[in-house]
Amino acid sequence: MLEWFVQEVFEKYNFWTAIFIILIGIYATIAKGNLLKKLIGLSIFQTGIFLFYISLGDIGSLANWGLRTATPPILWEEGVELGYVYANPLPHVLMLTGIVVSAATTGVALALVVRMYQEYGTIEEDEIMRKEMELDQR
Amino acid sequence: MIEIESIRPVLALLCPLTAAFLILASRNHPNIRESWTMIASVMQFLVVLSMLLIVKDLEGGVITYSIFNMLPGVDLAFKVDAFGLLFAITSASLWILVSSYSIGYMRSLHEHAQTRYYFCFAFAILGAEGVAMSANLLTMFIFYEILTVATYPLVAHDQTEEALFAGRKYLAYLLTSGVFFLAASLITYSLVGTTDFRNGGILTIDAASRSALMVLFVLFLLGFMKSAWMPFHSWLPTAMAAPTPVSALLHAVAVVKAGVFGIVRIVCYIYGVDLMSQLGLGILLASIASFTMITASLFAIAQDNLKRRLAYSTISQLSYILFGVALLKPMGVTGAMLHIPFHGFMKITLFLCAGSIMVASGKKNISELAGIGRIMPFTMFAFTVGAIGMAGAPPACGFVSKWFLCMGTLEAENLALLAVILISSLLDVVYFFPIIYIAFFGKPKEAELTNGGKREIKEASPFMVIPLTITAIFSMVFCVPNPISNVIITLAKLAVSGLGGV
Amino acid sequence: MLLVEQFPVLIVTTGVFAGYTILIAGLVNRKSCAYIFLSVVFSHLIMSLFILHHVLTVGTIHYWLGGWRPPWGIEYVVDALNAYILVIVLFLSLMAGLYAKRYEEHKLEERKHVTYFTLFQLLVAGLCGVVVTGDVFNMYVLSEIVALTAYALIASPGGRTLKASYNYLVMGSVGICFYLLGIGFLYSVTGTLNMADMRILLPPLYQNRLVFVAYALILVGFSIKMALIPLHTWLPDAHAFAPSEISAMLSGIIIEVYTYAFIRISFSVFTVDFLRLLPIFDIISWIAAIAIIYGSVLAIAQINLKRMLAYSSVSQMGYIMLGVGLSISTRSALWGGLTPALMHILNHALMKGCLFLVAGAFIYKFNAWNITDLRGLGRKMPWTCGAFVLAAISMIGVPPSVGFVTKVYLIFAFVEAGNFIFMAILLLSALLNLVYFWRVIEILYMRPGGEEGHSEHHAEHAAPGKSEEIPLFMLIPVVTLASLCMIMGIVWLTEIPIVGAIPILDNVNKLFGLGAYTP
Amino acid sequence: MIVPIDFVLLFFLLVTAIAAITLKDLFAAIVLLGAYSFIMANMWLQLGASDVAFTEAAVGAGTSTALMVAALSRLSRKARWEK
Amino acid sequence: MNPESTGYKRDVIIQTTAKLMVPFILVFGLYVMMGSEGTGGGFQGGCILAAAYILYVTAFGTEKGRVMMPESWNTFFTSLGLYLYDGAGLVAIILSLAAAQFLNYSAIWPLANILGIAEARGYMVAFVVDVGIGITVMAAFVSQFFDLAWKEKEEEKGE
């Protein structure tokens, strides 16, 4: 039991946190009625995925917990000392792109929210829905 | 068997197609528009006639023409054999008469949307001719659907609630059945790799399990709901909301005959007579047909509206054809095939009469017809001829086909079926003769004679009377031996002789 | 290296380039934007035709960006499937662009034109990018370009579209994040992002749970994007209130590009062997069957024409996914494999594109959103309504239209797969299609218009100048699409070799190991 | 490289995330989101992804937050109490 | 928060701090954008530059911000940046007469030789690309900021 706990939970605490964050994000995205809150949830969701990716790149934490062996993938003038392992830089690069995309999504969504506020005078989803229904009936 | 490759089938189809677009182009000039219809109908008749003369001398040969390949082994192809010609010549010749009748009818009633009417009419004819000349199931399906869609605007022509409802019902029934037909054809294709109509059939007992073949046959039957077999008939009386020429040509000849024609094709050229009798499907078809014959006649008796009574009569008469085929005997099949043109001529006479009565006097119900025979002698004379033919008595041609059908039942050694035919004929008499009696001997009320006191009732315009007189005369001509009836009967015999197992 | 092999990347990069050129040109002259857009898309269409020809005659194009060999660099792979989808994308974009020129002049404030066409151009470039890329992560980035521009374009008229667009944004982002998570899982087990490389590395790992989870995540992600039941909830509003040509793009292209992406991931990254391990595709077929019925039934309940078409899209996506779902259970020859699905991608683009453009024409001319507002328009707008009728009877499946061809090949697929329940569903759906499209046709033609009553004699003999037809720039795409509904139907049926219709499908099926057609 | 710091960071990450979605004051929520992003950046630095951490600090914690605040200046600041 | 809506007020602390910080942020942004040996982070650099500008506008108001960088330049900058980095890729195709791939910088080396900076050829391309990205990102973020916070309000006032 303890061994299982150490192997599946403790060693992979990064992943577990990532999953929790993703779940928090999805919850907020779906359940919150405020449009800005939805957006915050979306941000958290995306960041959670980024954390997951970055954790993939980090070889050390998977190998033996307690001491991380991977270093940032930066080239030193003198070369690399023996015994150092780079973190895999590929997920990092991917997540750079991911952050860009996330920022762009936030921008578009904010613009929409602002315009919707001008249109309906509120950013609560149910109130907007009620106003739309009134529009439909007319 | 000789196969001649000739572009004539395509030419025959091009006539209505070109006419349709010319009609559209000259929509602002009624005279030119209607002359296109007439020209196209005559042209088409001539083309079909030329094919008829070729096929008659070929001793079972056919004219084929393939346009392009659709699926491996299936072309968009035309095949004109004796049986197809029977249907083609019927609809081609009647198109001429109905065109002329339409002109009289539409103009005297000042109908709206006449361009749409003629346009769709041409397309409907295209569909019917295509069904008659198609060489395989898929080609047939294409024209079958064109026919369905093109007829819708004609059925809903009046644009009243009733007409729109009729149109919706019509489409709901027939397009649904189209999917059945398509499914059945494609299953056939996947079983045997072809859908060509061949003498003796393409399906064999080994192609699939017995039950699968039977289910497939039921699918085909459902696919041909156009033949209005009971209990899938109710679209036809409803569709009588259409203008009379439409009811006359489409619901007496083109649409319903396309359905019946399809079933005959399935029985004789897809399943083959042998397979049919091995599977016992003849009995199934015969019982459906008998049921429809009797029940529809009974329904007809109950109708007071003339066109509805004719509609039920049509349902009943169509089943004669199915009945004849279901006998799976040469005589029966010959009778069935002969009934297609013969019934076409007779029924169109009746419809045209109903239409001209309506145009001339505005009367739609049988009970109002008292004494009309004396005012409209030509019309009612023609009506009488048609009615006699329906009952199967000489001197009208219904006698010939019924004779063959009766011989067929004897050949099949099934007296029960003979009884069905005789009872049905009797019922025909029951629902037709009261009309004739009222028309000639009934005592009219004063108000009815004068059309509500507005104008005198007199014979309808010659545009209408001439066609219906011609059809009536032809109905009688087919009965006595002469070159014209010879050609028809020869064609039917040719078609039957090629069927093999019969 | 041949020039034609540069075309895939050129389409994407010059597309982006042109997008920003439109932005600059807008500073100088606002009218020029539409013309730049149209000429660029047109030249891209020509390029894509060259690509298609090259792919069919010579073979798959592999393009290594920056000269880096895969799996290190990004690779663009164009095979028959991509090239085919690429042509569809660019063609419909051209049509929508032609239409947009006049429509937006009428509907949109003038200062927004520049941004509108910039975004439109970026959308097209992004779509092309999603189609040509051979790298799973690149696909993610380009899908986001598509999605972001699409959100902005949907929201461009303001008002109710804002809510629709926001919904789409939230759901789309969640969907694409699922996809991102999925490829993260795949990356964690294979260590590569190149599709071809993954295909090689994955087979030993097929029993790994991570791979299953990854596939499930990707499936869910794309299901949101392609509006598969029950994840379609963003679609009806977005389609109904967006500008009409954007509705046409959304329904005809965008959701289908994601279908393409799903097909690509399913067959190029995973293989048929993997898909046979679990009944995934059976489940997809059933979901698709439900989508067909559900979409049609809800379409009947709508009174807003564009919303009705939107629900019809849900149903039509069901047709495509049904084709995809049955693709691995069909064994043989011509009609096996992906044939019906691929056919319907084109067919649906033509039909739904045309229908949405016509719906837009009604709004443009009479501000008629509801079906009941359309009384008697059949006489006022003969060409437009004629196009509507052609497209609608294609949807119903009357021969020789494209809808008929789809029906034929789907029925073949059912027969091949031995599943006759789907046949009943197809039958029912044809009937339902009939109900909701015929209702519109009936109102267009059979019901007299409100003000003119029964005096249709007048309308019939009216002078030609009296007809209230839409401008030529809008009419051309409408009529082209409508006539293509019929022409393509005949082309599919005839397998005309110059068009290369069947060879494409043949190629694709061969590529994915789904059985090939031998004449 | 030090596990306890990891734990502390992850703990704060969860706390800020939950707080950001539960607070009624949208301004506070946005600021907390910025804080969340910044902690996330630190976490990534821990994991050896210095470039990503840098980007997240600049984009997520910086510019995005600035944009959100800018947008909020046009909106009502309070989220309604949910029933 | 919003200087315009509250009737923009001078705030000494913020303005002094901003005056101090903006130049440093700008320099830092440029450093990040261009890097020390040719490679840098275009996106991050652009973000930081945008942040500096946003800080300036927040502290001193839109009017002064306009003087520093008119809003209409944003459009131009967005396109310019894209031209730089998309063009760098396309140049590779054009220079090699479609023999090399998009972004294949080895094809650009002849150009570097002609310009006489052969030793810096690798860095040069990366430099161009990064600067391009940076400019685009900066312009995009700034215009987004204006869109969200001020733009339409001013228009409403003007009309």
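Across the interface of chain A and chain D in this predicted model, two residue pairs are in polar contact. Salt bridges are absent there: the rule finds zero of them across this interface. Yet the two chains bury about 4,000 Å² between them, and 72% of that area lies on carbon and sulfur atoms. If you count residues instead, 47 from chain A are in contact with 44 from chain D. Among the six pairs of chains in contact, A and D share the most contacts.

Which parts of chain A touch chain D? Helix H2 (13-31), helix H3 (35-57), helix H5 (89-120) and helix H6 (125-137) each supply at least two residues to that side. H3(A) gives the most, with twelve residues. Sorted by class, this side of chain A has 28 nonpolar, twelve polar and seven charged residues.

Now turn to the place where chain A meets chain C. Here 39 residues of chain A are in contact with 32 residues of chain C. Together these chains bury about 3,000 Å², with 75% of it on carbon and sulfur atoms. On the chain A side, the residues that lose the most area to chain C are A:Tyr53, A:Leu112 and A:Arg115, which together account for 18% of what that side buries.

How many salt bridges does the rule find between chain A and chain C? It finds two across this interface. You can look for A:Glu132, which forms a salt bridge with C:Arg160; their closest N and O atoms are 3.7 Å apart. Three residue pairs are also in polar contact across the interface of chain A and chain C. H2, H3, H5 and H6 of chain A each give two or more residues to the side that touches chain C, and H5(A) provides the largest share, 17 residues. That side divides into 27 nonpolar, six polar and six charged residues.

Some chains do not meet at all. No contact joins chain A and chain B, and their closest C-alpha atoms lie 28 Å apart. Chain B and chain E do not touch either, with 42 Å between their nearest C-alpha atoms.

Let's finish inside chain B, with helix H17 (residues 415-441). This helix has 27 residues, so at 1.5 Å a residue it should span 39 Å, and the 38 Å between its end C-alpha atoms agrees with that. At its N-terminal end, B:Asn414 acts as a cap, with a side-chain oxygen 3.3 Å from the backbone nitrogen of B:Ala416. Further along, H17(B) bends by about 30 degrees at B:Phe432, and a proline, B:Pro434, follows within four residues.

Notes:
Residues numbered from 1 in each chain as written. Chains lettered and ligands numbered in written order. Predicted model: local features only at pLDDT ≥ 70, side-chain atom pairs only at ≥ 80, totals over all residues. Heavy atoms only, no water. Expected span 1.5 Å × (residues − 1). Bend = angle between axes of the 7 residues up to and from the residue. Polar contact = N/O pair within 3.5 Å; in protein donor to acceptor, adjacent residues only side chain to side chain. Contact = heavy atoms within 4.5 Å. Buried area = accessible area lost by both parts, 1.4 Å probe. Salt bridge = Lys/Arg side-chain N within 4 Å of Asp/Glu carboxyl O. Nonpolar A, V, L, I, M, F, W, Y, C, P; charged D, E, K, R; others polar.
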